[in-house]
Amino acid sequence: MDNKKQHQKPMTIEEQVQNLKALGLIINDEEYAKKMLNDISYFRLIKAYSLNLKPKNGNYYDDITFERIVELYLFNSNFRQILFPIIEMIEINTRCRISNYFANKYGVLSYKDSENFVDENYHQKFLDDIEKEIEHNKKSPFVRNFKQNYEGGELPIYALVELCSFGMISQFYKNMKNEDKKAIAKQFGIGYTYLQSWLESISYLRNICAHYGRLYNAKLSKSPTLYKQYTEQGISNYRVFGLLLCIKHIMKKDRHWEEFVDNFEKLLKKYKNIDLETMGFPYDWRKLLLEDS
């Protein structure tokens with residue numbers, strides 16, 4: 001017996017508004033609601049940001065307004081925008097340190113040799129993926145330069161990493177030998193098992209930000225391994241705050257990190273209805289994000 005659901009019939013913008021009103025959502029300005037639903041989409045706005053505002057398949061709780069849902073959406077958008085530059089710095093630092101280390105220890109084309117890695121199949125997948133990236137970027141000036149002007153037409157690792165996604169970089173690191181992982185992790189002042197976990201999770205977080213996804217009230221599919229000092233405080237590793245703590249340790253006392261924390265606090269003052277618990281934030285979140293550990 002097939003118990004799968006039938007797809008719902010599409011609704012016009014006007015029908016979407018009436019449907020929300022029928023579910024008990026307070027809409028004070030229907031024209032504003034229509035504009036927002038036409039600009040953002042019912043699925044992105046309502047489905048994602050109604051979590052905790054109504055029971056599943058039920059009506060909205062009392063006094064929930066359309067404006068409150070928009071506020072959650074705008075908070076999330078601003079949160080992503082202040083977080084993404086931090087992730088960018090970590091990504092660029094990681095590319096640089098891995099490529100510099102690998103080139104100096106093994107040679108600029110050392111990434112092609114499976115003996116420099118732990119898992120041969122993992123390594124072959126990396127080579128297959130990078131060939132696709134080279135082909136995709138074959139008209140890029142620096143790719144053409146190496147293809148046309150260098151023996152064998154091969155890209156050195158310091159150029160190759162610029163074609164890799166952060167996910168590919170994190171997998172590259174994961175497949176390195178432990179002694180090499182330790183050498184890279186030492187530059188960050190972090191144990192290599194933690195750095196490996198954190199890079200995977202930050203790569204996942206980066207993709208959420210890059211594709212305009214939801215951090216508010218979201219559970220992370222790629223959850224990082226947290227220090228014991230945090231798990232003992234009951235901090236969850238599948239909410240975004242746990243990953244922010246990991247990022248803190250990578251960033252150390254960088255002024256950009258302090259600016260991020262200040263800017264996040266400003267968002268909370270601007271958007272009053274944010275439930276920090278849905279993102280794993282404890283009451284002393286600012287202290288935890290800024291204190292030495």
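**An all-helical predicted model: questions and answers**

Biologist: What percentage of the 293 residues of the protein count as buried?

Modeller: The model is a predicted one. A residue counts as buried when its relative accessible area is under 20%. Among the 293 residues of the protein, the share that meets this cut-off is 45%.

Biologist: How many helices and how many strands does the secondary structure come to?

Modeller: Read from the N terminus on, the elements begin α-α-α and continue as α to the end. The count of strands is zero, and that of helices is 14.

Biologist: What share of the contacts with a separation of 6 or more comes from residues 24 or more positions apart?

Modeller: A contact here requires heavy atoms within 4.5 Å. Among contacts in the protein with a separation of 6 or more, residues 24 or more positions apart account for 64%.

Biologist: How far apart are the mean positions of the positive and negative charges?

Modeller: The protein has 43 positive and 39 negative charges. When the mean position of each group is taken, the distance between the two is 1 Å.

Biologist: Which element supplies the largest share of the lining of the largest pocket?

Modeller: The largest pocket holds about 760 Å³ of space. Its lining comprises 22 residues, and those closest to the centre are Gln8, Tyr42, Lys47, Lys54 and Asn57. Both α1 (13–22) and α3 (42–49) supply at least two residues of this lining. The largest share, three residues, comes from α3.

Conventions. Residues are numbered from 1 along each chain as its sequence is written. This is a predicted model: local features need pLDDT of at least 70, side-chain atom pairs count only at pLDDT 80 or more; totals for chains, interfaces and linings use all residues. Side-chain values use heavy atoms; hydrogens and water are left out. Helices (H or I, at least four residues) and strands (E, at least two) are DSSP runs, numbered from the N terminus. Buried means under 20% relative accessible area, exposed over 50%, partly exposed in between (1.4 Å probe, protein chains only). Lys and Arg count as positive and Asp and Glu as negative; His and the chain ends are not counted. The place of a charge is taken as NZ of Lys, CZ of Arg, CG of Asp or CD of Glu. On a 1 Å grid over the protein atoms alone, a cavity is a set of points where a 1.4 Å probe fits but cannot get out, and a pocket is an open set with protein on both sides within 12 Å along at least five of seven lines; lining residues have an atom within 4 Å of a point. Grid points are joined across faces, edges and corners, and a volume is the space filled by probe spheres set on the points.
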